Amino acid sequence: MADKKPQQGNTLAGRLARLGLKSDSDFVLHLPLRYEDETCITALADARPGIAAQFEVEVLGNEIAYRPRRQLLARVRDASGALSLRFLNFYPSQQKVLQPGTRLRVFGEVHEGYLGPEIIHPRFHVVAAGDALPEGLTPVYPTTAGLGQATLRRLIEKALARADFADTLPPELLQRLDLPGFAEAIRFLHTPPPDMVQAVLEARDYPAWRRMQFDELLAQQLSLRRAYLARRARGAPRLAPSAKLTDALLRSLPFRLTAAQQRAWREIAADLGQPHPMQRLLQGDVGSGKTVVAALAMLHAVEAGHQAALMAPTEILAEQHYRKLAAWLEPLGIEVAWLTGSLKKRDKEAAIAKVGAGDTPIAIGTHALIEDKVEFARLGLAIVDEQHRFGVRQRLALKDKGSFAHQLAMSATPIPRTLAMSYYADLDVSVLDELPPGRSPVTTKLVAEARRDEVLARVHDACRSGRQAYWVCPLIEESETLQLKTAEETYARLVAELPDLKIGLVHGRLKAADKAAVMAAFVRNEIHVLVATTVIEVGVDVPNASLMVIEHAERFGLAQLHQLRGRVGRGVDASACILLYAQPLGELARARLKVIFESTDGFAIAREDLRLRGPGEFIGARQSGLPLLRYADLEDAALVEQARAVAEDILRTDPVRAEAHLQRWLGGREELLKA
Ligand code: ADP
Ligand code: MG
């Protein structure tokens, strides 16, 4: 775990800091990963492979060997046999201890090694003959390089002796939720009673663990909820509209809003009419039609005499929004400003000046919108599209361009409900849970790389009959340069393989103007096959493109594949997404591709992704600014819901208690959440 991070100093304090251990509370809440049974000694001759056990042995000698890596080997024996202890990472102090004649208790699994039976990286400590065995299970704590279990255990014991164990939850609540008291649970987990059975204690639904999980979730909910309430208390302009502009837009659209869009729009309009800032997430699968809802919200702000801004994570997406919104809004007499990093200096300055003077009611752009020199005359609504692509800080920076702006975040990454409750407890959520009618479903095919020729023929046929295709290059996460090279090679190869088709290439390193030119040509159907890196993952909307090929699909994340696939199936033609994969497939890759093959439901896919990868990776915990949960499981819907309800209740009725709970669990770290 923490081992891979750069060294924070090799002092004890540095190592403890790496584990987040400072206060007594930190130590007390540093709970065992598992327990080991050191209550008895197994004879070496009775060791069974794959089963961890404790042995008491005498050291015969040690040596540092190079085979090929530098390692420490020690020979040990007991009355029944002998074996080797092998350490691939070790400290000089460890070698010093392993002197001939020293008596050790060694804990680990015996394997058949190169030189006969061995234990790799055993835990061990020096004992004298006849030293008593522990009476109960031994806790094993999460640790970091250079910090031994014995040291950590000693420090935790000291903290346990000193710490404040006052319960932060009232007894009635504990009784209602059927949870043990804090002090009781903590002592139990650190120092289980002698007769405790290992498997029972390690089961995470054991009452003492439930208490820790609940406390942890409660701290998270309290902190998010408190931040939400603080922002809400700030006040925002009540945007009372005349509904003239929004009605005019609705009349001019070639389609009717879906029921889901109507509902989301009502929820947003209600928020905008409140005297405190909206903090809402509009969540909807790719193609569910979030943009038009955003347009309505912006018009609402404009009618009320304010400005609105929409920020997107990429130039391509921002430009597409700009084109679409300008086409919708300019006929209504609403000017739309366009602001990205790639604009010519003069144009950019002109746009900034207009926005600053309040001459343009609506601004659309990329990160350029949150640069320091951009100031809005009267920003009333800040919208961030594909919000998960931005850090928390960037997401909030846009609304801070107005002194009291309402905030709308949009995301096509469907977050399972429980995750949404945890990660967005500071946001209200509207969901677009239906797609506009008339979409043709996308057929997904899994095709082995060996059958690439058939895929080429299919692309050729589709394009000859007037349709268009995306060809997505393999993802190379480690290196942008390599990614670029692959994209160019793929492009060159397709140009050669499909000589009668027009092929285009778009990737992240292209100059914005070139990128825009390629996209525009694709929109005009002057390019048949668009070779692309994942820059097209978000938002791109070309209804005539009905075929997508993804090379090395096994390298992509599930959510990413789902987003990519959402680029097709936007028109009336039957669409297909072909996932090319290289053999042999790993087990996880196979499981992932199976999910994407079997399901087109973004929520189901997200849930599976979460299950396969774990929440940390799923949400990008570092980006979200949230500390990872150590004990609780975000899939534990019932507990998350309980924690949420209790958090609201405590904040209302007993802020002192809330503060005490937060102090215990988050200490100074709560700042992280407020970014
Ligand atoms: P996303 O939610 O992925 O951002 P978009 O807003 O880009 O989706 O919408 C996808 C496409 O569907 C666009 O071409 C949009 O104009 C169209 N669209 C949106 N709402 C409807 C609707 N109610 N009926 C038909 N088409 C719609
Ligand atoms: Mg979109």
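Start with the open sheet of seven strands, ordered 12-13-11-14-15-10-16, with parallel pairing. You are looking at a predicted model.

**Stop 1: the edges of the seven-stranded sheet**

Select strand 12 and strand 16 (428-432). These two stand at the edges, and each has a single partner strand, so one side of each lacks a neighbour in the sheet. Now look along the sheet: neighbouring strands are turned against each other by 20° on average, direction ignored.

Next, select strand 10 (residues 279-284) together with strand 16. The two run parallel and are joined by five bridges. Which residue of strand 16 is the bridge partner of Arg280? Pick Asp428 to see the partner.

**Stop 2: two helices on the sheet**

Show helix 12 (residues 315-329). Helix 12 lies across strand 11 (307-311), strand 12 and strand 13 (362-365). Its direction is at about 170° to strand 12.

Then add helix 13 (residues 345-357). Strand 11, strand 12 and strand 13 lie under this helix too, in the sense that helix 13 lies across them. Helix 13 runs at about 135° to strand 12.

**Stop 3: a stacked aromatic pair**

Stay with helix 12 and show side chains. How are the rings of Tyr322 and Trp338 arranged? They form a stacked aromatic pair, 5.1 Å centre to centre, with 25° between the planes. Tyr322 sits in helix 12, while Trp338 belongs to strand 12 (residues 336-339). The pair links distant parts of the chain, 16 residues apart. Across the whole structure, a search finds seven aromatic pairs.

**Stop 4: the six-stranded sheet**

Move on to another open sheet. Here six strands follow the order 17-22-21-18-20-19, and the pairing is parallel. Colour the edge strands, strand 17 (442-448) and strand 19 (503-506); each pairs on one side only. From one strand to the next, the twist averages 20°.

Zoom in on strand 21 (residues 545-550) and strand 22 (residues 575-581). Four bridges pair them in the parallel sense. For one contact point, select Leu547: its bridge partner in strand 22 is Ala576.

Now add helix 19 (residues 558-565), which packs on the sheet. Which strands does helix 19 touch? They are strand 17, strand 18 (468-472), strand 21 and strand 22. The direction of helix 19 makes about 150° with that of strand 21.

**Stop 5: two backbone details**

Follow the chain on from strand 22 to the loop that leads to helix 20 (587-598); Pro584 lies there. Is the peptide bond from Gln583 to Pro584 cis or trans? The bond is cis, with omega near -5°.

Then jump to Asp178, in the loop between helix 5 (171-177) and helix 6 (182-190). Asp178 is not a glycine, yet its phi is positive, at about 60°.

**Stop 6: the second largest pocket**

Finish with a surface view. The second largest pocket holds about 1,500 Å³ of space. Its lining counts 47 residues, and Arg123, Thr143, Leu147, Gly148 and Gln149 are the closest to the centre.

Select the elements that give two or more residues to this lining:

- the helices: helix 3 (92-97) and helix 4 (149-162)
- the strands: strand 1 (34-36), strand 5 (103-108), strand 7 (116-120), strand 8 (123-126) and strand 9 (138-140)

Which element supplies the largest share of the lining? Highlight helix 4, which gives seven residues. Last, colour the lining by residue class: 24 are nonpolar, 16 polar and seven charged.

How values were computed
Residues are numbered from 1 along each chain as its sequence is written. Chains are lettered from A and ligands numbered from 1 in the order in which they are written. This is a predicted model: local features need pLDDT of at least 70, side-chain atom pairs count only at pLDDT 80 or more; totals for chains, interfaces and linings use all residues. Side-chain values use heavy atoms; hydrogens and water are left out. On a 1 Å grid over the protein atoms alone, a cavity is a set of points where a 1.4 Å probe fits but cannot get out, and a pocket is an open set with protein on both sides within 12 Å along at least five of seven lines; lining residues have an atom within 4 Å of a point. Grid points are joined across faces, edges and corners, and a volume is the space filled by probe spheres set on the points. Ala, Val, Leu, Ile, Met, Phe, Trp, Tyr, Cys and Pro count as nonpolar, Asp, Glu, Lys and Arg as charged, and the others, Gly among them, as polar. Two strands pair if DSSP finds at least two bridges between them. Axes are lines fitted to C-alpha atoms, for helices over the stretch in contact, and angles run from 0 to 180 degrees between N-to-C directions. Contact means heavy atoms within 4.5 Å. Rings of Phe, Tyr and Trp (its six-membered ring) pair if their centres lie within 6.5 Å; planes under 30 degrees apart count as stacked, over 60 as edge-to-face and the rest as tilted.
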